[in-house]
Amino acid sequence: MKQTAHAAEDGLKLSSWLPYRLFLVAAQVARPLESFYSETFGLSQAGWRILAVIAEREAANAAEIGRACALDPFATSRGIGQLKELGFAVRRAGKSDRRFAAVSITRSGRTAFNRIASLGSAIEARLLARLSQSERTTLDSALTRLEGESARIDAGGWRALLDDTGAP
């Protein structure tokens with residue numbers, strides 16, 4: 001029994017691990033939003049992410065969309081297909097290369113996006129209302145730095161992390 005307690009003290013404690021805590025906050029606020037867009041519009045999570053990307057980026061190609069949504073090519077393709085089927089997006093072949101088709105939001109896609117975004121903004125406003133202006137500024141700055149470092153961690157992979165820490 002002592003050996004188990006000792007191992008837990010030396011290792012990672014999930015409940016206090018920053019990435020897990022960030023995940024929990026994101027998951028808890030994503031559930032009501034996901035229920036709304038799923039029940040109201042029949043959208044999958046990938047479909048919603050893609051809709052949000054094409055609402056910001058006119059005529060993005062699938063590779064750009066996949067990177068922006070952190071989706072693999074298969075999920076990206078399925079999500080784009082869902083949006084086309086729902087009438088929320090159109091896909092036009094690239095001018096010089098048909099593999100680089102441009103995906104654009106339709107008027108009905110924009111309407112759906114605006115309704116979902118309104119609920120998303122309400123969720124964000126409730127979260128931020130719990131923080132002072134100074135805390136919001138600090139959080140924004142901290143998240144910007146964490147986004148940058150997490151991108152470097154992702155790019156380097158797990159082997160680079162082990163090399164940096166000297167862990168086995």
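Mentor: Before we begin, a polar contact is a pair of N or O atoms within 3.5 Å, where, within protein, one atom must be able to donate a hydrogen and the other to accept it. Bear in mind also that this is a predicted model.

Trainee: Which residue has a side chain joined to that of serine 104 by a polar contact?

Mentor: Serine 104 sits in strand E3, which spans residues 102-105, and among the residues that serine 104 touches beyond four places in sequence are Ile54, Ala59 and Phe88. The side-chain polar contact has a length of 3.0 Å, and the partner of serine 104 in it is glutamate 58.

Trainee: Is serine 104 buried or exposed?

Mentor: The cut-off for buried is under 20% relative accessible area. Because the relative accessibility of serine 104 is 5%, this residue counts as buried.

Trainee: Which helix gives the most residues to the largest nonpolar core?

Mentor: That core has 27 residues, and those with the most contacts inside it are Leu51, Ile54 and Ile65. At least two residues each come from H2, helix H3 (45-56), helix H4 (62-69), helix H5 (73-86), E3 and helix H6 (107-129). With eight residues, the element that gives the most to this core is H3.

Trainee: What does isoleucine 65 touch, once residues up to four places away in sequence are set aside?

Mentor: Isoleucine 65 is one of the residues with the most contacts inside the largest nonpolar core. With those sequence neighbours left out, the residues touched by isoleucine 65 are Ile50, Val53, Ile54, Ala60, Thr76, Ile80 and Val103.

Trainee: How far apart in space are valine 29 and leucine 127, C-alpha to C-alpha?

Mentor: Valine 29 belongs to helix H2, and it is partly exposed because its relative accessible area is 25%. Leaving aside neighbours within four places in sequence, valine 29 is in contact with Ile123 and Leu127. Valine 29 and leucine 127 are separated by 98 residues in sequence, whereas their C-alpha to C-alpha distance is 9.1 Å.

Trainee: Which helix gives the most to the nonpolar patch on the surface?

Mentor: The patch is formed by Leu18, Leu22, Leu139, Leu143 and Leu146, which together have about 380 Å² of accessible area. Helix H2 (18-41) and helix H7 (133-165) each supply at least two of the patch residues. With three residues, the helix that gives the most is H7.

Trainee: Why does leucine 146 count as partly exposed?

Mentor: Leucine 146 lies in helix H7, and partly exposed residues fall between the buried limit of under 20% and the exposed limit of over 50%. Leucine 146 therefore counts as partly exposed, since its relative accessibility is 36%.

How values were computed
Residues numbered from 1 in each chain as written. Predicted model: local features only at pLDDT ≥ 70, side-chain atom pairs only at ≥ 80, totals over all residues. Heavy atoms only, no water. Patch = residues over 30% accessible without salt bridge, like charges linked within 9 Å, V, L, I, M, F, W, Y side chains within 5 Å. Areas by Shrake-Rupley, 256 points an atom, 1.4 Å probe, with all protein chains shown as cover. Salt bridge = Lys/Arg side-chain N within 4 Å of Asp/Glu carboxyl O. Helix = DSSP H or I, 4+ residues; strand = E, 2+ residues; numbered from the N terminus. Buried < 20%, exposed > 50% of the residue type's maximum accessible area, 1.4 Å probe, protein only. Contact = heavy atoms within 4.5 Å. Core = buried A, V, L, I, M, F, W, Y, C linked by side-chain atoms within 4.5 Å.
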